[in-house]
There are 2 protein chains.
Amino acid sequence: MKMRKSKLGRGVAVVGAGMSRFGSFPDKTSRDLFVEAFSEAVGSVERGMEARDIQAIYVGNYSSDLLEGQGHLAPIMADWVGLAPKPATRVECACASGAVALRQAILAIASGLYDIVLAGGVEKMTNLPTEKVTDVLATASDTLYEGTAGITFPGVFAITASAYFARFGATQEHLMKVAIKNHNNGALNPKAQFGSIAEIMKRRLERAKQKGEPLPAWRDEMDFLRDPRANPVVAWPLRLFDCSPISDGAACLVLVAEDLAKNLSDSPVYVIGTGQGSAGALHTRQELYVSPAARAAAKEAYEMAGVKPEDIHLAEVHDCFTIAEITATEDLGFFEVGKGAKAAEEGVTALKGTRPINTSGGLKSKGHPVGATGIAQVMEIWHQLRGEAGQRQVPRKDLRLGLTHNLGGTGGTCVVHIFERR
Amino acid sequence: MKMRKSKLGRGVAVVGAGMSRFGSFPDKTSRDLFVEAFSEAVGSVERGMEARDIQAIYVGNYSSDLLEGQGHLAPIMADWVGLAPKPATRVECACASGAVALRQAILAIASGLYDIVLAGGVEKMTNLPTEKVTDVLATASDTLYEGTAGITFPGVFAITASAYFARFGATQEHLMKVAIKNHNNGALNPKAQFGSIAEIMKRRLERAKQKGEPLPAWRDEMDFLRDPRANPVVAWPLRLFDCSPISDGAACLVLVAEDLAKNLSDSPVYVIGTGQGSAGALHTRQELYVSPAARAAAKEAYEMAGVKPEDIHLAEVHDCFTIAEITATEDLGFFEVGKGAKAAEEGVTALKGTRPINTSGGLKSKGHPVGATGIAQVMEIWHQLRGEAGQRQVPRKDLRLGLTHNLGGTGGTCVVHIFERR
């Protein structure tokens, strides 16, 4: 059957955003974190709105089932923010759950059914021990094929890194450059879980001094990251500082139909492209370092937006591991396949580079409460495009087009959104 | 802010439907069941289509996380039916997951983004022991409030029944009438897990005879259901035959933009109303036997469709327990609050009554593989409105308007859809 070319029936804009701090909060549950993010998002709408103006909510969450023993999360969130009996829907696509929830919220407005919709995400992870969380995350792989091979996520991305290194001659030092950059950005983000690696190194040196231990000979962050005592191997070639942390957190966005955006906001950020792709288990891939889901998502989003990779000014990409940032920048067409590592090394992707990536600190330093990640990525782009990113503001006057890239599982899902300030 | 009245930007029709048999299938996984349902759905489109014409899929699933140790189910389903890298999204709202997935598929088409979308649902439950499945289902309640009170689902609906009995003078015998009706309908459905209670009784009698045991004095199904050895109390006043079973199964629908429906189908069934509601835990209810989520969902769906409860010719409602069918028919406005039990007793809701309810056998007899239920309900309406329901066809020449009602958790989510044959 021949299809006509599809596009959104109505435009959509982001007019509010909020998030909890990301980190470890033993006394808070998902609903506490969600309420914090919700309140900040609703409060951020400049021209004022009531929470009750929101007509439906979408909640991205990976597995409160396994992490908190709580399924059916969405109506609980709706109730706690005072929105019941309005429609509340949980969407799950592993680590891409947040962006998939956002996408459903966009489609709900584009459908004509609703004018104002909240897209949120939440995950509460730190109440379980690390090895248990790693097992929970591993259920986002294909447990019949990948799972039986003993794979957990550090292993999956270690395989990707090994294949990338073998093919393109990149090294662990390229990955370290990505970690240093993202931690430097995170140090400028008050909501981030971790600060710079230089600070972490400094604290370790002070502690060693206080304890009267022999002082390690670290002159800079690279020395620190090369030291296997400071930065041990988790799954070769990935080390501790190549891995994003386990985090608690929530994030929310207020979305509105384009024609109503100026009623609510002085400076709406418009959604001009949305794309989503899927893929089977790792054994279905042609190249381990190329994500078919990401390629499909990017293609759909670029075509809808009518822009090319080189038009994008900045991006938040899914750096669950440092290698994943490099391959993401290639899947998005920012760099040729095999050239992403060098671009990171040369500072192209730094805050003051020509193509800033993960100015928020990324998952690596800001934290990765799984369901919240895809939403928090958009919050960063929203702040940047509105010139509100404070110390980490990208120093570029014509900042106009931003992109988010949110990956789930072993690449089973990828979602790409493109945003414009007009 | 004042809102304009919202409606779908584009109409949507169902042009294909398929399901696996519901039951216990120890050798099958979720993906096997989903492929069966998918193949039947695509094959049912009369004017022919290729699976590859489908542009996106939505998968309703309650908790493959806890039941199969498999999160991130949607891209696996997309891969197994050959649709990767197209967008594949899992939607979860407990037992209403199927209908919520359907609703997102409808919005995706109405948004203008896609023309043909698959809405499916699946659950694989029987590989765990019953008490474990009951615990998994209990995570669909509010585990902080309802869960700490020790509540599992038979208990929740027992509370509803107790409150209803106390207020309106109904009895266990009213519930038994609902069970008999639905099992009679299920006996006419080749995909149903169970047949009629008369058959079940007959088999028990034969078995007793073969074993030389004293024969119970059951003259009819009511005698059988009154006998606590045949029908023991699960949670007073609910007995075994008031409860829907634990089931494996999958179901799929092919949805298409209204303007393209006649290209694919000789007899499309149009979605004319969709509504979804949410609610907090049981303690937020005014009356235990009235569901605010169902009321909100019904109101939204009726308003969109421009029809009233009395216009609906037949409905599939969420009879996870017999009492839930009675309260559903009241929440939907078919009967006044407190009158549903009597309507069931008098045969109004029977296959040949004036308002047939659950002609498929309902969850009670057809089975309740959680994520598939909301989709399978629509398949029954689709068959009935097209005059294809075989032995269980509602004998009414002007059959035109059907409704589905899919409830999740302790009433945290409810989704109502209204369908029309033109």
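Helices, as named here, are DSSP runs of H or I with at least four residues, and strands are DSSP runs of E with at least two; both are numbered from the N terminus. The structure is a predicted model with chains A and B, for which the predictor gives the complex an ipTM of 0.96 and a pTM of 0.97. The two chains are related by a two-fold axis.

**Confidence**
- The average pLDDT of chain A is 96, and 99% of the residues score at least 70.
- Residues 1-5 of chain A form a stretch in which pLDDT stays under 50. For this stretch the model has four contacts beyond four places in sequence.
- Where pLDDT is low, the predicted coordinates should not be read in detail.

**Symmetry**
- A turn of 180° with a shift of 0.0 Å along the axis lays chain A on chain B with an RMSD of 0.0 Å. This is the relation of a two-fold axis.
- In chain A, S111(A) has the C-alpha nearest the axis, at 1.8 Å from it.
- Both copies use the same surface, as 100% of the contact residues of chain A recur in chain B.

**Interface**
- Contact between the chains involves 63 residues of chain A and 63 residues of chain B.
- On the side of chain A that touches chain B, two or more residues come from each of α2 (64-68), α3 (73-80), β3 (88-92), α4 (97-110), β8 (269-278) and α11 (292-305) of chain A.
- That side of chain A comprises 29 nonpolar, 24 polar and ten charged residues.
- β3(A) pairs with strand β3 (residues 88-92) of chain B in the antiparallel sense, over three bridges. E92(A) has R90(B) as its bridge partner in β3(B).

**Helix α15 of chain A**
- Helix α15 (residues 370-385) of chain A contains 16 residues and reaches 24 Å from its first C-alpha to its last, close to the 22 Å expected at 1.5 Å a residue.
- The helix α15(A) is mostly covered, with 16 of its 16 residues buried.
- Just after α15(A), G387(A) adopts a positive phi of about 70°.

**Surroundings of V415(B)**
- V415(B) belongs to strand β11 (residues 413-421) of chain B.
- V415(B) counts as buried because 33 other C-beta atoms lie within 10 Å, where the cut-off is 20 or more.
- Leaving aside residues up to four places away in sequence, V415(B) touches A96(B), A99(B), V100(B), R103(B), Q276(B), A297(B), G374(B) and N406(B).
- V415(B) and V59(B) are 356 residues apart along the chain, and their C-alpha atoms are separated by 15 Å.

Key
Residues are numbered from 1 along each chain as its sequence is written. Chains are lettered from A and ligands numbered from 1 in the order in which they are written. This is a predicted model: local features need pLDDT of at least 70, side-chain atom pairs count only at pLDDT 80 or more; totals for chains, interfaces and linings use all residues. Copies are superposed by least squares on the C-alpha atoms of residues with pLDDT of at least 70 in both. Two residues are in contact if their C-beta atoms, placed from the backbone, lie within 7 Å. Ala, Val, Leu, Ile, Met, Phe, Trp, Tyr, Cys and Pro count as nonpolar, Asp, Glu, Lys and Arg as charged, and the others, Gly among them, as polar. Two strands pair if DSSP finds at least two bridges between them. pLDDT is the predictor's confidence in each residue, from 0 to 100. The expected span of a helix is 1.5 Å times one less than its number of residues. A residue is buried if 20 or more other C-beta atoms lie within 10 Å of its own, exposed if 12 or fewer, and partly exposed in between; C-beta atoms are placed from the backbone.
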